[in-house]
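Let us walk through this structure together, one region at a time. Keep the viewer open as you read.

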Amino acid sequence: MAHVTRLPALISLQHVTFQFANGGTLLDDLNLSIDHTPTGIVGRNGSGKSLLAQLIAGVLAPSSGAITRSASVAFVPQNVVVTPGASVADLTGSAPALEALQRMAAGAARVDDLELIDDRWDLAERLRTALDEAGLASLTLESPADQLSGGQLARVALISAFLTTPELLVLDEPTNHLDSSGRAWLLQALGQWRGGLVVVSHDRALLNTLARIIELSPLGPKVYGGNYEAYRRQRDIEQHAAIAALDHSRLERTRERRRLQKDHDTLQRKAARAHKHAQSANVDRFTQARWKSTAREVVSSVRSDQHARKQQLDHQVRQAHERVAQQPPTLLALPDSAVPKGRLVLKLVDVCLPSLDTPALTLSLMGPARVAVQGPNGCGKSTLLKVLAGQWQPVSGECRVPLPAACIDQHLGFLDEQRSVIEHLNLLDTPLVEGELRTRLALLQLDAVRVTQPVAQLSGGERLKAAMAIAMWRDVPAQLLLLDEPTNHLDLASVIAFEQALQGFAGAMVVVSHDQAFIQAIGPTHHLSWTPSGWRLQTA
């Protein structure tokens with residue numbers, strides 16, 4: 001028999017349950033073991049992926065159950081919070097040690113400086129090298145953190161985690177804000193990582209570099225060996241089998257119900273004949289009553305058995321149905337959004353974008369057009385969308401967008417966190433009646449509870465779906481979609497559904513995304529790329 005080597009567990013979760021303050025339970029009786037195998041966590045929005053990552057990392061404590069840790073952990077969240085006045089050094093958590101090193105060099109050391117420095121005498125050099133390798137050569141350790149782009153913040157946070165050299169690295173959607181070069185840097189860094197690794201992600205390229213996938217679903221976690229493609233193949237096989245089992249259980253229920261009905265009808269006829277015989281038989285009244293009672297008892301017993309059998313068949317069908325994955329949601333349903341061929345979509349003449357020292361931009365697009373905007377972090381892609389949406393004014397030049405537009409920025413800044421989805425839509429005078437609204441929102445997997453909760457209580461993916469609904473189902477339907485990293489907070493099933501929905505969208509689009517699979521799927525007509533000498537528009 002071949003010897004199987006079991007890797008030691010770094011983190012063990014035993015019967016872990018997490019409940020929110022309102023009593024809602026997301027993870028229930030969870031048992032899971034994390035070792036050195038590079039692991040991805042996938043699942044639908046709201047299934048608890050980020051929550052599980054925080055439990056593994058020790059950021060959150062379970063409501064019940066036990067979590068055993070035998071490893072040091074570094075955690076990088078989806079969104080990095082910047083304290084006002086913080087520097088890059090503060091963001092990496094190395095500022096106290098760097099200040100101690102400076103005091104040592106100046107001959108003004110304090111009592112605790114050696115403890116602060118520990119064995120990190122080359123910390124400044126290591127940070128400088130790490131920033132350069134991550135494509136952040138323009139940054140210094142004193143650079144203000146609040147002036148960094150989302151991609152720059154993400155890279156600095158990742159650098160901080162790498163430099164702490166933990167035994168387990170836990171990353172929550174690490175590629176969300178990274179450009180193409182940033183993603184390449186991260187993949188290379190993770191390829192060289194020798195510690196344990198847990199990644200929550202919908203990035204197919206990243207998931208394909210991992211050796212194990214954990215899928216969260218209403219049935220609990222399920223572990224698959226292999227990368228994302230292997231997981232999908234196994235998942236597809238299981239789904240085909242589950243659908244076949246569901247079809248079989250439904251067919252068995254139909255056949256059995258027909259047989260039970262036939263047996264019931266036969267028994268009823270026999271019972272009627274027995275009753276009639278008891279009535280006409282030459283026996284005393286006591287015997288007649290006993291015969292009738294016996295007939296009723298037999299019928300009642302058979303009916304009870306048949307009812308139990310029907311319940312058993314229904315239960316089998318429900319169980320089979322639970323093993324069939326939910327269908328992906330429909331993300332768009334737009335009336336009258338078509339842009340006629342030759343209709344002006346947008347026009348920019350000598351536009352200088354605010355807060356950016358880049359050459360003026362001039363371009364004109366006729367509909368229907370699908371523009372993929374690409375360039376490194378900090379080059380002004382998000383700024384360009386804000387100018388097109390009318391949220392920001394250009395420093396100079398003319399910007400004209402004659403179509404009704406909907407802008408979904410990567411931070412979903414237009415959402416009022418304290419209002420529900422229904423409240424947002426009612427404030428925007430949606431033409432849809434509430435019943436139709438709730439039906440469409442249900443297709444986005446935003447059920448009756450979620451659509452009446454404050455937006456702040458929704459998961460990242462649910463918030464994006466809510467933002468899309470709010471932007472698209474207002475009083476005037478959008479004919480131009482301005483999308484800034486729209487897949488950042490979507491689960492993989494929703495990303496695929498989103499791609500399919502946008503493929504059928506008859507309006508115009510300007511999309512900022514670093515997800516090449518997503519860009520390819522929506523079929524751009526043009527590419528608008530940033531270069532050091534200015535923006536360049538090319539036909540796809």
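Is Asp118 buried or exposed? Asp118 is exposed, since its relative accessible area is 55% and the cut-off for that class is over 50%. Please keep in mind throughout that this is a predicted model. You will find Asp118 in the loop between α4 (113–117) and α5. Its backbone deserves a look as well: Asp118 is not a glycine, yet its phi is positive, at about 55 degrees. Thr165 offers a second case, with a positive phi of about 45 degrees although this residue is not a glycine either. Thr165 sits in the loop between α6 and β6 (168–172), and its relative accessible area of 54% makes it exposed.

From Asp118, step along the chain into helix α5, which covers residues 123–133. Here the side chains of Arg128 and Asp132 form a salt bridge, with 3.0 Å from N to O. Both residues belong to α5 and are four residues apart, about one turn of the helix. That spacing suits a contact along one face, because an α-helix has 3.6 residues a turn and residues three or four places apart point the same way. Both partners are partly exposed: Arg128 has a relative accessibility of 28%, and Asp132 has a relative accessible area of 38%.

The loop between α5 and α6 (150–163) contains Gly135. With 53% relative accessibility, Gly135 counts as exposed. Gly135 and Gly182 are 47 residues apart in sequence, while their C-alpha atoms are 7.3 Å apart in space.

Let us move on to Arg183, in helix α7 (residues 180–191). The side chains of Arg183 and Asp203 meet in a salt bridge at 2.9 Å, N to O. This pair links distant parts of the chain, for Asp203 lies in the loop between β7 (196–200) and α8 (204–207), 20 residues from Arg183 in helix α7. How buried are the two partners? Arg183 has 13% relative accessibility and so counts as buried, and Asp203, at 8%, counts as buried too.

Elsewhere, Asp447 and Arg450 also join their side chains in a salt bridge, at 2.9 Å from N to O. Asp447 is partly exposed, with 34% relative accessibility, and Arg450 is partly exposed with 25%. Charged side chains can also be linked in a network, as Glu252, Glu256, Arg259, Asp263 and Arg309 are by salt bridges. In total, the structure holds 17 salt bridges.

Now turn to the strands at the start of the chain. Strand β1 (residues 11–19) pairs with strand β2 (residues 25–34) in the antiparallel sense, over six bridges. One of the contacts places Ile11 opposite its bridge partner Ile34 in β2. The hairpin of β1 and β2 has five residues between the strands, and within it Gly23 takes a positive phi near 95 degrees. β1 also pairs with strand β4 (residues 64–69), again in the antiparallel sense, over five bridges. In that pairing, Leu13 has Ile67 of β4 as its bridge partner.

Further along the chain is helix α11 (residues 381–388), which is largely enclosed by the rest of the structure because seven of its eight residues are buried. Those buried residues are Lys381, Thr383, Leu384, Leu385, Lys386, Val387 and Leu388. Just after α11, Gly390 has a positive phi of about 80 degrees.

Helix α11 also leads us to the cavities. There are two cavities of 30 Å³ or more, and the largest has a volume of about 50 Å³. Leu384 and Leu388 belong to the lining of the largest cavity, along with Leu346, Leu348, Leu363, Leu365, Val371, Val510, Leu528 and Leu537. The elements that contribute two or more residues to this lining are β10 (344–352), β11 (361–366) and α11. By class, the lining consists of ten nonpolar residues, with no polar and no charged ones.

One last stop is the loop between β11 and β12 (370–374), where Pro368 is placed. Here a cis peptide bond joins Gly367 and Pro368, with omega at about -15 degrees.

How values were computed:
Residues numbered from 1 in each chain as written. Predicted model: local features only at pLDDT ≥ 70, side-chain atom pairs only at ≥ 80, totals over all residues. Heavy atoms only, no water. Buried < 20%, exposed > 50% of the residue type's maximum accessible area, 1.4 Å probe, protein only. Salt bridge = Lys/Arg side-chain N within 4 Å of Asp/Glu carboxyl O. 1 Å grid on protein atoms, 1.4 Å probe; cavity = no way out; pocket = protein on both sides within 12 Å on 5 of 7 lines; lining within 4 Å. Points joined across faces, edges and corners; volume = space filled by probe spheres on them. Nonpolar A, V, L, I, M, F, W, Y, C, P; charged D, E, K, R; others polar. Pairing = 2+ DSSP bridges.
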